[in-house]
Amino acid sequence: MNDAMNDANDFIYLDNAATSFPKPQEVLQYMTDFYATRGVNPGRTGFDLAVEAEETLIETRKSLTSFFGGGSDFNRLVFGHNVTDALNLLICSVLKPGDHAITTRLEHNSVLRPMYQARERGIDVDFVPFDSKGYVDPADIEAKIRPNTKLVVMTHGSNVIGTIQPIAEVGAICRKKGVLFAIDAAQTAGLVEIDATAMNIDVVCFTGHKSLYAPPGTGGMYIAEHVDIRPCRSGGTGVKSALKTQPLDFPWRMEFGTLNTMGIAALLAGQRWIAAQGGISKIYEHEMRLARRLRDGLAEIEGITLYCADMETNHLPVFVFNVRGLPPDQAGALLDVEHYVITRTGLHCAPLVHEGIGTSDIDGTVRFSVGPFNTDEHIDHAISAVADIAAYGKQRAEKKRPAKSAGSSKPAVQATT
Ligand SMILES: Cc1ncc(COP(=O)(O)O)c(C=O)c1O
């Protein structure tokens, strides 16, 4: 994969799960050209530029609808600010007091916090655990479904331990039981196949700035055609302005205010860039090969603990580790300052995952996440950087405290008079 841009930077970026960097040149170019030539408000008026801008929006809706395996109505692909925004909108629109919802202990705060808030509104929520390898058992979700269960929402891929969850199995259960099924595709959209129709996913919530290669502030959801959702928000749409309520036609039903058209244009360019690389499987293979090499390299280093890093199947190019003798934030700082390797440390906005893997009380872990512009040289450099800080951690862990001079109360330094 073209690594020209990463080489221009004098650091090695292994924090792609936070946001992909760099973005493909083609996306940056398309986005700025779009904004320079058609950066007007689409759909609000009928002048030529507005129509052209609207065409880009429509093309992006069509492209993403088919990318997510949606139906023929591309207006069911609605744009928002990011996946957090989409999940909040979904959860507050679907759940009413007295309802029950199910999610998992693998979730990011983008699901956990709206669910805690839902509890305050009188909604009962279950958080299903994951096993020692980092996977949720669909049978555990099925066992929690009750007559008043309205929503199952879960992450497709963990942003901490990188495990890809069995969403098709959960989708089949939810469809059988008549429960709405939504996924948080933050880590998987653009990297792992999502076929909403085949996998019985009712709502795909996505963010644009990771493996879809758009800038931050982009995202939204695909809502399957059989889903009747009433929005908990309202606002300007540019159509049916005399109505006192939000229009019920899509996309306006679930879109509020002026859209991030420049970011949406970038999503379209991101789709084209993915296709030009040979599709998501080519990008996934490249990233997984490097991620496995990195994991294997770390596994050889004394003092490294890896968590749920059996990456042979159903795994993202994302994993976490700790270094004996170094708290994760210190390990991350040393990798950055001494070796120019960029990671993410701490709890990664997913505190229940860290509870599950036993790293809450040690301030989390260090995370590596590979992107399309990483190379074998980056991986070699990162492995030797970790070896170096692990040697330092070992020295620190083994450093003996000075023996107490038993019985002596004399100060070592004598005061002079
Ligand atoms: C699994 C998961 N969900 C949600 C989010 C939140 O994404 P955003 O900040 O783009 O809304 C992230 C981002 O790291 C994530 O990894």
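A disulfide is taken here as a pair of cysteine sulfur atoms within 2.5 Å, and the model to which that cut-off is applied is a predicted one.

**First stop: the disulfide**

Select cysteine 92 and cysteine 232, which are joined by a disulfide with an S to S distance of 1.7 Å. Because cysteine 92 belongs to helix H4 (residues 83–94) while cysteine 232 sits in the loop between strand S8 (219–223) and helix H8 (261–276), the pair ties together parts that are 140 residues apart in sequence. If you colour by accessibility, cysteine 92 appears as partly exposed, with a relative accessible area of 27%, and cysteine 232 is likewise partly exposed, at 36%. By this rule the count comes to 1 disulfide.

**Second stop: cysteines without a partner**

Next, select cysteine 174 and cysteine 205, and display the distance between their sulfurs: cysteine 205 holds the cysteine sulfur closest to that of cysteine 174, but at 14 Å it is too far for a bond. Cysteine 174 is buried, with a relative accessible area of 0%. Then move to cysteine 349, whose closest cysteine sulfur is also in cysteine 205, here 17 Å away and again too far for a bond. Cysteine 349 counts as partly exposed, its relative accessibility being 43%.

**Third stop: helix H9**

Select residues 280–299, which form helix H9, and follow its 20 residues from the first C-alpha to the last, a reach of 28 Å that is close to the 28 Å expected at 1.5 Å a residue. Showing side chains along H9 brings up its buried residues, among them Ile280, Ile283, Glu287, Leu290, Ala291, Leu294 and Leu298. An α-helix has 3.6 residues a turn, so residues three or four places apart point the same way. To see what covers the buried residues of H9, add elements including helix H3 (48–67), H8, strand S9 (304–307), strand S10 (318–323), strand S13 (365–369) and helix H12 (376–398).

**Last stop: the ligand**

Finally, centre the view on the ligand, which has 14 residues around it, and pick out Thr84, Asp184, Gln187, Thr207 and Lys210, the ones that come nearest. Aspartate 184 places a polar side-chain atom 2.6 Å from a nitrogen atom of the ligand. On threonine 207, look for a polar side-chain atom 2.6 Å from an oxygen atom of the ligand, and on lysine 210 for a polar side-chain atom that also lies 2.6 Å from a ligand oxygen atom. With the surface switched on, consider that the ligand taken alone exposes 400 Å², of which the protein buries 88%.

Key
Residues are numbered from 1 along each chain as its sequence is written. This is a predicted model: local features need pLDDT of at least 70, side-chain atom pairs count only at pLDDT 80 or more; totals for chains, interfaces and linings use all residues. Side-chain values use heavy atoms; hydrogens and water are left out. Helices (H or I, at least four residues) and strands (E, at least two) are DSSP runs, numbered from the N terminus. Buried means under 20% relative accessible area, exposed over 50%, partly exposed in between (1.4 Å probe, protein chains only). The expected span of a helix is 1.5 Å times one less than its number of residues. Contact means heavy atoms within 4.5 Å. A residue is near a molecule or strand if one of its heavy atoms lies within 4 Å of it. A polar contact is a pair of N or O atoms within 3.5 Å; within protein, one must be able to donate a hydrogen and the other to accept it, and residues adjacent in sequence count only if both atoms are side-chain atoms. Accessible areas come from the Shrake-Rupley method with a 1.4 Å probe; for residues, only the protein chains shown count as cover.
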